[in-house]
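Colleague: I am new to reading ligand sites. Could you walk me through one?

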Amino acid sequence: MHDDAVIDRPLEAQGLFSPSVWSGRIFNGKWSESAGDPLTVVEPATGATLGVVGASTPASVAEAVSRAARAQEAWGDLAATDRSRVLRKAASLLEDNYDTLIEWIVRETGGLRAKAETELKGTIGELEHSAALFIEPEGNVLHSPDPQRLSIARRVPLGVIGVITPWNFPLLLAMRSVAPALAMGNAVVLKPDPQTPITGGVVLAQIFAEAGLPEGVLQICNGGADVGEALVTAAEVRMITFTGSTRVGRRVGELAGQHVKKVALELGGKSPFIVLDDADLDAAASAGAWGSFLHQGQICMASGRHIVVRNVVEPYLEALRERAERLKVGNPFREEVALGPIINRRQVERVHELVTTSLAAGARLVAGGQYEGAFYRPTVLGDVQPGMPAYDHEIFGPVAPVIIAENEDHALKLANDTEYGLSAAVQTASLERGLRVARRLRAGMVHINDQTISDLPWIPMGGMGQSGNGSRFGTTTNAEEFTQWQWMTVGGTPARYPF
Ligand code: NAD
């Protein structure tokens, strides 16, 4: 399918992203010697080495943060329109390098071309929308008890923002923080997941440097938990945005709390997909299969529990089985497939364990349940019940657990029976019922007659409960998220007091 693959071409043909620029190095404003042992990046579909990136150490993180803090002062003082120009140039560089970037995303994340295109277009959208943030008012003029004194509340940059990201959509999930943070006058230290430091780090370093971002304003730190914790605890980092698991999010939140920092946590999910008895079952099965199998289920908003009213459950399971069995699984870089590989072997084993322990607890295998290497077959489980692993835990694999509900009220009760609250969906022929259910779903994002995976640059993206701490990404909220309030009063003559 990709006979003339860009990545297989000579390195110099890859232009901006040529490994000859970044291989074995770390970006601290320019490409420099690795502080820690370099990291090997492995293609999940084949196990082949895609590249080697430089790594950070806790000490080099502290230096990166200090460099970012120094560079932030001038960047924050620039006219917002000048910052915006850098972001627009970065967006156009992503457009110019579209095909090269699609191939890097496909190979590094193991996703389909369609997933890579969604990710890249979304990333360009994040830049374009962030570039327009300066049209937002910078604050308010407040009532002043002294008419000679002006009282203003204004939004000012936080300073240095630490951004920690996962491996499933590394470019997009980095950019949704990096772009608005830069637009609002902050410097950024980005720590991508060690499995995806090329599209999650190298690409951002290269496009921003080429777009004219002043040296030092963006720093990349590569590494695992020790590097992440060094970033969270560095004194000059005033805000952390973290996207990842709830388990690690709790730790990041705890450390940020100890160091009195703002923290935005975007965490896991177990999103309910409700099918009521009047739903169009064919459309529901199509949406349900997409919601559970897209990118092998490795999406925070994946449809994690299909809650189906009893009298339509068998035809729904049959429609889902038929789809699961027809979907082709393989290497998306080389073949036309519907599902690619799982990110690593440990995660394949975890998915399989959740499936087999649920079967042992009484669930019914309707489709799938097998794997070969990194390739897990789309799996449908029937008769799943509360207390089974497939009901209780985020699977992050291509598994659709189907749970029977007795009626609409029971479906709603099951849907809200989770500590998470990221996304939710309901399928019904009645808009009235759809609205009635949607209003009572406890989730940050709710869809009527759709599935649970959806995101756009301008929506308030985020979750409730253990899916997040109330932060929201998107242009509706970014101007607030990435700044802090300052109250300023201004008088032409010095104030006088009885003392
Ligand atoms: P993870 O929590 O294991 O890792 C995420 C990032 O945290 C990585 O960069 C990792 O190196 C870093 N990290 C690990 N330990 C750390 C520590 N102690 N301190 C600081 N950083 C640390 O998550 P993952 O397995 O890479 O990603 C999958 C999870 O992310 C799923 O739970 C998924 O639902 C969630 N997710 C959420 C969203 C969202 O927007 N809500 C989006 C994508 C993924």
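Modeller: Happily! Start with the domains: in this predicted model, the shell around the ligand takes at least three residues from domain 1 (4–267 + 468–486) and at least three from domain 2 (271–448).

Colleague: Which helices and strands each supply at least two residues of the shell?

Modeller: Look along the chain for α6 (170–183), α8 (225–233), β10 (237–243) and α9 (246–258).

Colleague: And which residues come nearest to the ligand?

Modeller: There are 29 residues around the ligand, and T165, E229, S245, L267 and E394 come nearest. Sorted by character, the shell has 15 nonpolar, seven polar and seven charged residues.

Colleague: How do I read the polar contacts?

Modeller: Look for pairs of N or O atoms within 3.5 Å. In the side chain of E229, an N or O atom is 2.8 Å from a nitrogen atom of the ligand. For W167, a side-chain N or O atom is 3.0 Å from a ligand oxygen, and for D193 a polar side-chain atom lies 3.4 Å from an oxygen atom of the ligand.

Colleague: How much of the ligand does the protein bury?

Modeller: Taken alone, the ligand exposes 850 Å², and the protein buries 90% of that.

Colleague: Where does the ligand sit?

Modeller: You will find the ligand in the largest pocket.

Conventions
Residues numbered from 1 in each chain as written. Predicted model: local features only at pLDDT ≥ 70, side-chain atom pairs only at ≥ 80, totals over all residues. Heavy atoms only, no water. Near = heavy atom within 4 Å. Polar contact = N/O pair within 3.5 Å; in protein donor to acceptor, adjacent residues only side chain to side chain. Areas by Shrake-Rupley, 256 points an atom, 1.4 Å probe, with all protein chains shown as cover. 1 Å grid on protein atoms, 1.4 Å probe; cavity = no way out; pocket = protein on both sides within 12 Å on 5 of 7 lines; lining within 4 Å. Sits in = over half its atoms within 2 Å of the grid points. Helix = DSSP H or I, 4+ residues; strand = E, 2+ residues; numbered from the N terminus. Nonpolar A, V, L, I, M, F, W, Y, C, P; charged D, E, K, R; others polar. Domains from an automatic or database assignment.
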